[in-house]
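Me: Hey, got a minute to walk through this one with me? I'd like to hear about the strands and the aromatic rings.

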Amino acid sequence: NDTTARVRLANFAYMKNGTPTAIDIFSVKRNANVFTNIAYATVTPFIAYASALNDSLVVRQTGSTTVNLDTLRGFNPTQKRSYTLVFAGRYSINESGGSSPRTLSSTTTY
């Protein structure tokens, strides 16, 4: 009877000098954070997530509602599947391009 998907987050965005600030993942459909204060090099446990819900997920600096680091559009999980969201690349807020652009991507882990 379970119609949800499972989702976890891996935060691997790096900073050339120092440690990146923790991140939040904001769900546009839920109008709320689904992950909060996730530190660098952390992989969260899986959480239940509504399936068949076409959502946009926004990576933000922890505690910020205006500093958007990246957006994953069209996240539409299938029921009874597990997904890992990976935030990777160069974290620096002032450097969004270059050889290691920061990205939020989704992989199915079943």
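Reply: Happy to; below we go through the sheet, then the rings, keeping in mind that this is a predicted model.

Me: Cool. What's the strand order in the open sheet?
Reply: The order is β3-β2-β6-β7, and the pairing of these 4 strands is antiparallel. The edges are β3 (32-38) and β7 (68-75), each of which pairs on one side only. On average, neighbouring strands are turned by 15° against each other, direction ignored.

Me: And how many bridges join β2 to β3?
Reply: There are 4 bridges between β3 and β2 (residues 23-27). I23 stands opposite I38 of β3.

Me: Switching to rings: how many aromatic pairs are there?
Reply: The structure has 2. One is Y49 with F75, edge-to-face, at 5.7 Å centre to centre with 70° between the planes. Y49 belongs to β5 (residues 47-50) and F75 to β7, so this pair ties together parts 26 residues apart in sequence.

Me: Which ring pairs with F75 besides that, and at what angle?
Reply: That's Y83: its ring centre is 5.7 Å from that of F75 and the planes are at 85°, so this pair is edge-to-face. Y49, F75 and Y83 form one aromatic cluster.

Me: Is Y49 buried or exposed?
Reply: Y49 is buried, at 1% relative accessible area. F75 is buried with 4%, and Y83 is buried too.

Me: Nice. Which charged residue lies over the face of Y49?
Reply: R30 does, 4.3 Å from the ring centre. Elsewhere, the charged end of R60 sits over the ring of F26, at 4.2 Å from its centre.

Notes:
Residues numbered from 1 in each chain as written. Predicted model: local features only at pLDDT ≥ 70, side-chain atom pairs only at ≥ 80, totals over all residues. Heavy atoms only, no water. Pairing = 2+ DSSP bridges. Helix = DSSP H or I, 4+ residues; strand = E, 2+ residues; numbered from the N terminus. Axes fitted to C-alpha atoms, helices over the stretch in contact; angles between N-to-C directions. Phe/Tyr/Trp six-rings, centres within 6.5 Å; stacked < 30°, edge-to-face > 60°. Buried < 20%, exposed > 50% of the residue type's maximum accessible area, 1.4 Å probe, protein only. Lys NZ or Arg CZ within 6 Å of the ring centre and 35° of its normal.
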